[in-house]
Amino acid sequence: MKVFFHQDFYRVYTSDPAAAAGRMESVVSALEGEADFLEPAPASREEILAAHTPAHVRQVETMGLYGIAALAAGGAVAAARAGMEAPAFAAIRPPGHHASADSAWGFCFFNNMAVALLSLKNQGLIQTAHVLDFDLHFGDGNVNILKPLGWVSIHNPDAADRAGYLDQVEQELSVAEADVFAVSAGFDNHMDDWGGTLATEDYQEMGRMAAAAAKKRGAGCFGVLEGGYNHAMLGQNALAFVKGMQEGWEG
Ligand SMILES: [Zn+2]
């Protein structure tokens with residue numbers, strides 16, 4: 001599977017937990033040998049401005065974070081494009097699902113998922129999209145930017161137990177119709193992370209379900225990294241998700 005990653009993502013660009021030293025090393029060391037690593041280009045200003053206001057882009061520039069945030073968005077764009085052929089993953093940071101058009105919080109700056117889906121849409125590669133956001137936290141930025149467009153359905157599962165959580169995901173994926181199945185893949189709801197709920201194998205199962213749903217409908221499939229803060233588990237969880245996508249695609 002194609003995994004989009006850039007050495008610059010190792011850089012500790014802020015003092016928040018998403019930017020912590022060692023976090024991306026956890027992901028890369030787990031995926032190494034299991035995936036084809038490709039280096040993305042930054043998202044273009046035009047692609048970013050499809051999701052964000054000029055004032056917000058200027059704000060991120062003022063913070064000195066435009067470069068790394070545009071590169072993360074570019075990783076999502078690259079994974080989305082590759083995902084139209086076969087499942088792909090963007091191992092990127094800063095994360096994006098708390099970034100709205102004109103504001104951002106929660107360690108996010110640009111909304112990587114929104115930039116990626118709008119890029120696919122504006123290039124005529126998709127008409128509709130479904131987003132599964134299994135991060136611990138509600139992806140308010142994804143919802144604020146994408147939901148009003150009318151061609152994106154978004155699912156933030158909220159069950160408090162593993163079985164119920166997987167049931168919700170399965171239920172939603174069984175009825176979702178879309179040209180691309182995208183996953184805001186945050187791993188902070190793992191039993192050894194902040195949320196304390198899901199097991200590593202659950203990420204594999206969700207990857208499998210998302211890719212199988214895509215395959216069944218002749219759609220694309222990709223995931224982008226959001227949260228996940230226990231460095232001892234993050235890589236294994238990302239690997240489980242990537243393996244699941246592969247399995248679901250191959251049937
Ligand atoms: Zn989160």
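Let's start with A210. Leaving out residues up to four places away in sequence, A210 touches L132, L173, F181, V183, C221, M245 and G248. Please keep in mind that this is a predicted model, so everything I tell you today is computed from that prediction.

What does A210 belong to? The largest nonpolar core has 88 residues, and A210 is among those with the most contacts inside it, along with A76, A79, A91, V115, L117 and A238. Helix α4, residues 66-83, gives the most to this core, with twelve residues.

Now, a step back to look at the whole chain. How many helices and strands does the protein chain have? There are nine helices and seven strands. The C-alpha trace spans about 45 × 40 × 35 Å along its principal axes. For 251 residues, a compact globule would have a radius of gyration near 18 Å, and this chain has 16 Å, which agrees. Of those 251 residues, 55% count as buried. And if you take the contacts between residues at least 6 apart in sequence, 78% of them join residues at least 24 apart.

Let's go on to the strands, beginning with two of the residues A210 touches, F181 and V183. Both of them sit in strand β6, where they share one side with A185. The other side carries V180, A182 and S184, and the residues on both sides are all buried. That alternation is a nice thing to look for, because in a regular strand the side chains alternate between the two faces of the sheet. Why do we call β6 largely enclosed by the rest of the structure? Because six of its six residues are buried.

On to the partners of β6. It runs parallel to β7, and six bridges join the two. If you want one pair to find on the screen, V183 stands opposite G223 in β7. To get from β6 to β7, the chain passes through helix α8, residues 200-216, and this β-α-β crossover is right-handed.

β6 also pairs with β4, again in the parallel sense, over five bridges. Strand β4 is residues 129-133, and five of its five residues are buried. A129, V131 and D133 point one way, while H130 and L132 point the other way. L132, you may recall, is one of the residues that A210 touches.

H130 is a good residue to click on. Its bridge partner in β6 is F181, and in β5 its bridge partner is S153. β4 and β5, residues 152-155, run parallel and are joined by four bridges. Together with helix α6, residues 140-146, these two strands make a right-handed β-α-β unit.

Next, helix α1, residues 23-31. Which of its residues are buried? They are R23, M24, S26, V27, A30 and L31. They cover an arc of only 155° around the axis, so they lie on the same side of α1. What do these buried residues pack against? Their partners are β1, β7 and α9. Just after the helix comes G33, with a positive phi of about 85°.

A little before α1, in the loop that leads to it from β1, you'll find A19. A19 is partly exposed, with 19 other C-beta atoms within 10 Å. Leaving aside its neighbours within four places in sequence, A19 is in contact with V12, Y13, T14, R93 and P94. Have a look at that last one: A19 and P94 are 75 residues apart along the chain, and their C-alpha atoms are separated by 6.8 Å.

P94 brings me to some backbone details. The peptide bond joining R93 and P94 is cis, with omega of about 0°. P94 is in the loop between β3 and α5, and F107 has its place in the loop between β3 and α5 too. F107 has a positive phi of about 70°, although it is not a glycine. Why point these out? Because most residues other than glycine have a negative phi, and most peptide bonds are trans.

One last question: is F107 buried or exposed? With 21 C-beta neighbours inside 10 Å, F107 counts as buried.

Thanks for listening, everyone!

Definitions and conventions:
Residues numbered from 1 in each chain as written. Predicted model: local features only at pLDDT ≥ 70, side-chain atom pairs only at ≥ 80, totals over all residues. Buried ≥ 20, exposed ≤ 12 C-beta atoms within 10 Å, placed from the backbone. Pairing = 2+ DSSP bridges. Right-handed = clockwise from strand over helix to strand, strands pointing away. Arc of directions from axis to C-beta. Contact = placed C-beta atoms within 7 Å. Rg over C-alpha atoms; globule rule 2.2 N^0.38 Å. Core = buried A, V, L, I, M, F, W, Y, C linked by C-beta atoms within 7 Å.
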